[in-house]
Amino acid sequence: MKLLTKEVDLSFLSDHYENIRFHMFCSDDPLSFISCIACVCETSAEVVESWSEIQSMVSVYYQPSGNLASWNVYLALITVESVPIWEKYQIENNKYAARKIILDGLPEIPCIDQMAIELQKQLLGSDLALYPQVNESREALLSIEEYIRGTPLDSKKESKNKRALVIDNIIELLNNNEN
């Protein structure tokens with residue numbers, strides 16, 4: 001899944017805020033259930049002064065269609081200046097109308113393609129990688145399968161002894177392959 005720019009009429013915002021640029025990003029899946037309005041501010045003061053009113057306007061004028069889409073609206077507030085920690089905490093933890101993220105302290109305002117990449121990292125975790133150990137543990141589980149296959153399940157004394165031997169063998173196998 002990726003976030004792509006999407007042409008959406010955001011004049012309800014741009015008419016009201018002349019110094020803030022607005023861009024829309026939507027997920028590329030058929031349901032398009034993630035939408036993110038990026039608000040590019042020149043200063044951190046604009047972020048602090050405007051976010052609440054912007055979210056109110058978004059709640060009134062932007063209603064994505066679809067059940068999932070209405071729950072996955074994000075406001076990304078972007079600025080080169082650093083937003084004070086307390087204000088950043090308050091803004092990002094406010095969940096009214098949209099989830100909010102602040103990208104601040106940037107060396108420069110990113111171009112639209114860089115914005116999409118950074119928002120994918122923030123919203124979709126596109127920069128996360130799986131460790132190769134995931135495949136190793138699966139191999140260990142498969143090797144355990146060899147030990148337990150054919151183990152008797154009845155209540156005879158010989159079967160209980162066989163199960164105890166199987167358990168001992170599995171414990172020994174795991175102890176030998178801890179690392």
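The legends below walk through several close-up views of this predicted model.

**View 1. Five strands side by side in an open sheet.** Let us start with the sheet. The strand order is E1-E2-E3-E4-E5, and the pairing is mixed. Strand E1 (3-5) and E5 stand at the edges with a single partner strand each, so one side of each has no neighbour in the sheet. From one strand to the next, the twist averages 25°. Strands of a sheet can pair in parallel or antiparallel fashion, through backbone hydrogen bonds. Here, E4 and E5 take the parallel sense, over 5 bridges. For a landmark in this view, find Leu77, which stands opposite Ile102 in E5.

**View 2. Helices H2 and H4 against the sheet.** H2 lies across E2, E3, E4 and E5, and runs at about 160° to E4. H4 also packs on the sheet, where it touches E4 and E5. The direction of H4 makes about 145° with that of E5.

**View 3. A closer look at helix H2 and its bend at Ser50.** How far apart should the ends of H2 be? At 1.5 Å a residue, its 18 residues should span 26 Å, and the end C-alpha atoms are 25 Å apart, which agrees. Along the way, H2 bends by about 50° at Ser50. Ser50 is also one of the buried residues of the helix, a set that includes Val47, Trp51, Ile54 and Val58. Some of the buried residues have polar names on the list too, among them Glu46 and Gln55. As a group, the buried residues of H2 pack against H1, strand E2 (21-27), strand E3 (35-40), strand E4 (73-78), H4 and E5.

**View 4. Phe12 and Tyr61, a tilted aromatic pair.** The structure holds 3 aromatic pairs. In this one, the rings of Phe12 and Tyr61 are 5.4 Å apart centre to centre, with 35° between the planes. Phe12 belongs to helix H1 (residues 11-14) and Tyr61 to helix H2 (residues 44-61), so the pair ties together parts that are 49 residues apart in sequence. Which partner is buried, and which is exposed? Phe12 is buried, at a relative accessible area of 16%, whereas Tyr61 is exposed, at 55%.

**View 5. Trp86 and Tyr89, a stacked pair within one helix.** The ring centres of Trp86 and Tyr89 are 5.5 Å apart and the planes meet at 20°, so this pair counts as stacked. Both residues lie in helix H4 (residues 85-93), 3 residues apart, which is about one turn of the helix. An α-helix has 3.6 residues a turn, so residues three or four places apart point the same way. Trp86 is exposed, with a relative accessible area of 54%, while Tyr89 is partly exposed, at 48%.

**View 6. Glu108 in a loop, and Thr79.** Glu108 sits in the loop between strand E5 (99-103) and helix H5 (112-124). With a relative accessibility of 55%, Glu108 is exposed. Its C-alpha atom is separated by 8.2 Å from that of Thr79, a residue 29 residues away along the chain.

**View 7. Gln120 and its contacts.** Is Gln120 of helix H5 buried or exposed? At 12% relative accessibility, Gln120 counts as buried. Leaving aside residues up to four places away in sequence, Gln120 touches Lys2, Leu3, Gly125 and Ser126.

Conventions: Residues numbered from 1 in each chain as written. Predicted model: local features only at pLDDT ≥ 70, side-chain atom pairs only at ≥ 80, totals over all residues. Heavy atoms only, no water. Phe/Tyr/Trp six-rings, centres within 6.5 Å; stacked < 30°, edge-to-face > 60°. Helix = DSSP H or I, 4+ residues; strand = E, 2+ residues; numbered from the N terminus. Buried < 20%, exposed > 50% of the residue type's maximum accessible area, 1.4 Å probe, protein only. Expected span 1.5 Å × (residues − 1). Bend = angle between axes of the 7 residues up to and from the residue. Contact = heavy atoms within 4.5 Å. Pairing = 2+ DSSP bridges. Axes fitted to C-alpha atoms, helices over the stretch in contact; angles between N-to-C directions.
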